[in-house]
Amino acid sequence: IMRRHAVTTLLVASIMAVVNGAHDGSSTVIRSTLRRRNDVMTSPSGMIQTTPTREHTHKGRLQLRGGEDTVNTEVTSAPTIEELMGPTSNIVMAIASKVSRNLHNKVDHPLQIIKTWISQHFTDTYADENGAPLFEKFDNLSPIVTTAMCFDDLLTPPDHPSRSRSDTYYLDDARLLRSHMTAHQTTLLRQGRRSFLFAGDVYRRDSVDACHYPCFHQMDGVKIYKWQDLGVSSHEEAIPIVLEDLRKTLAGMVASIFGDVEMKWVESTFPFTEPSLELEILFQGKWLEVLGCGVMRSKILENGGLFEHTGWAFGLGLERLAMILFQVPDIRLFWTDDDRFTSQFVGAVASGRRDLKFVPFSKYPMCYKDVSFWHTAELHENDVAEIVRGICGDLAEDVTMVDQFVHPKTQRHSSCYRICYRAMDRTLTNEEVDALQDQLCVALASQLNVELR
């Protein structure tokens with residue numbers, strides 16, 4: 001904490017203007033020259049270029065295997081999360097440490113495999129009038145965005161729960177760690193992009209269990225049409241044409257990943273699209289939702305500088321697809337460097353295998369500990385989960401509220417949470433679990449102002 005405030009005092013004045021300026025409509029950090037190999041992952045122009053966030057850069061070379069392009073990257077050095085955390089930040093170091101991991105770009109990682117298959121499908125299937133891949137790809141966009149990018153440009157109401165500090169990680173009042181990849185949509189539109197895919201890490205305060213993690217990865221796609229090219233003169237006339245293309249495109253993409261599965265479209269509601277749909281597949285006897293999509297609202301296109309255009313957009317969770325397809329039972333496994341996990345996916349892209357199934361290794365025993373306390377009615381479960389993650393890290397497998405009541409006389413609120421401790425690579429001792437539980441109780445009392453029972 002002392003280091004964070006010291007760095008903030010010295011640096012925030014000099015970098016605020018640069019970072020805020022970099023995110024007012026040009027937030028991405030990658031300039032890439034792509035060389036063709038097997039016609040995969042090559043942008044139509046051969047160049048992806050956006051405005052750097054700082055004046056100096058460091059150069060790196062990203063080698064992608066298994067049929068992907070070789071991407072020469074000159075990546076702009078953005079300020080670290082530690083440097084940018086100010087006095088009003090609600091980002092803990094456990095979250096800050098995830099920012100540079102970029103699992104979706106780690107060769108042979110399950111998330112990189114899914115991302116590559118999706119990108120490859122679009123490259124193989126859709127070409128422009130010159131025969132070059134139609135869809136540009138971005139997977140190195142800065143996770144630090146403005147509230148305008150993440151919410152305002154996407155028509156999120158001012159009182160929407162997603163804006164609250166119980167749901168979102170804020171650096172300060174104006175900047176945050178993106179809570180969805182759609183935050184980059186209008187920025188890319190303003191840069192002249194019309195058909196593009198973009199993937200990255202996103203951050204949300206959430207519950208603790210096998211399917212939820214505060215950092216996960218999404219992949220979005222957008223395709224824009226001119227009304228003139230569609231032979232229409234209004235957004236309303238364009239909707240059925242664009243919607244039909246959306247259904248056809250995404251059905252083909254999902255089939256390329258899951259094979260010949262039964263699909264169904266379900267009407268839904270999203271702030272960014274109207275009409276909105278979810279695509280579900282029948283997989284191993286269960287209907288599972290795999291993505292959300294819809295026709296972009298005309299106001300969002302206008303926010304991106306586009307008039308007399310209509311487009312579609314989709315978004316999906318890479319962890320969700322990987323957990324379904326590879327049968328990974330616990331989302332924490334994606335963050336492990338344990339060779340018993342990582343070795344199972346080596347060469348998947350290069351070999352073209354689509355039948356990979358994760359084989360669980362030995363499961364270590366779990367240990368349960370309860371904590372009960374009096375609290376105010378305003379306490380949010382995500383605040384409890386965040387403290388558990390901050391103290392226990394990935395040793396906390398699950399946090400469940402097992403009891404809650406209001407005292408009939410004093411009207412005081414009481415809750416009991418059960419924490420399941422379990423490591424994925426070893427057996428925890430009673431001593432270290434007890435030590436973690438003691439630290440957790442102290443943190444809950446001091447940070448949430450609760451009274452332990």
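A residue counts as partly exposed when its relative accessible area lies between the buried limit of under 20% and the exposed limit of over 50%. F405 has 28% relative accessibility, so F405 counts as partly exposed. W374, at 13%, counts as buried. These two residues return below. The model is predicted, and residues are numbered from 1 along the chain.

Start with the whole chain. Its secondary structure comes to 14 helices and 17 strands. Of its 453 residues, 53% count as buried. Contacts with a separation of 6 or more are counted next: residues 24 or more positions apart account for 68% of them.

Now take the sheet with four strands. The sheet is open, its order is β15-β16-β14-β17, and the pairing is antiparallel. β15 and β17 (451-452) stand at the edges with a single partner strand each, so one side of each has no neighbour in the sheet. Nine bridges pair β15 with β16 in the antiparallel sense. Within that pairing, V406 has H413 in β16 as its bridge partner. β14 and β16 also run antiparallel, joined by nine bridges. There, V371 has Y417 in β16 as its bridge partner. β14 and β17 are joined by two bridges, again antiparallel. F373 is matched with L452 in β17.

Two helices meet this sheet. Helix α13 (residues 381-392) packs on it and touches β14, β15 and β16. The direction of α13 makes about 145° with that of β15. Helix α14 (residues 430-448) lies across β14, β16 and β17. α14 runs at about 15° to β14. Q439 is found in α14. With a relative accessible area of 43%, Q439 is partly exposed. C392 and Q439 are 47 residues apart in sequence, yet their C-alpha atoms are 8.9 Å apart in space.

Next come the aromatic rings. A pair of aromatic rings is described by the distance of the centres and the angle of the planes. A search of the whole structure finds 17 aromatic pairs. One of them is F373 with Y417, which is stacked, at 5.8 Å centre to centre and 15° between the planes. F373 lies in strand β14 (residues 367-375) and Y417 in strand β16 (residues 413-421), so this pair ties together parts that are 44 residues apart in sequence. Both F373 and Y417 are buried.

W374 and F405 form another pair, and this one is edge-to-face. The centres are 5.8 Å apart, with 70° between the planes. W374 belongs to β14 and F405 to strand β15 (residues 396-406), so the pair ties together parts that are 31 residues apart in sequence. W374 has a further partner. R453 lies over the face of W374, at 4.7 Å from the ring centre.

Elsewhere, K264 lies over the face of W287, at 4.4 Å from the ring centre. K264 falls within β10 (263-268), and that strand leads to the other sheet.

Seven strands form this open sheet, in the order β5-β8-β9-β13-β12-β11-β10, with mixed pairing. β5 (136-138) and β10 stand at the edges, each with a single partner strand, so one side of each is left without a neighbour in the sheet. Direction ignored, neighbouring strands are turned by 25° against each other on average. At one edge, β5 pairs with strand β8 (residues 195-203) in the parallel sense, over three bridges. E136 stands opposite F196 in β8.

Last, a helix pair. Helix α4 (residues 110-125) and helix α10 (residues 318-326) have axes that come within 9 Å and cross at roughly 100°. Angles of 65 to 115 degrees count as roughly perpendicular, and α4 and α10 are therefore roughly perpendicular to each other. On the α4 side, the contact is made by P110, L111, I113, I114, K115, W117 and I118. On the α10 side, L318, E319, L321, A322, L325 and F326 take part. W117 and F326 also belong to one aromatic cluster, together with F334, F341, F345, F358 and F361.

Conventions:
Predicted model: local features only at pLDDT ≥ 70, side-chain atom pairs only at ≥ 80, totals over all residues. Heavy atoms only, no water. Phe/Tyr/Trp six-rings, centres within 6.5 Å; stacked < 30°, edge-to-face > 60°. Buried < 20%, exposed > 50% of the residue type's maximum accessible area, 1.4 Å probe, protein only. Lys NZ or Arg CZ within 6 Å of the ring centre and 35° of its normal. Pairing = 2+ DSSP bridges. Axes fitted to C-alpha atoms, helices over the stretch in contact; angles between N-to-C directions. Contact = heavy atoms within 4.5 Å. Parallel < 35°, antiparallel > 145°, perpendicular 65-115°, else oblique.
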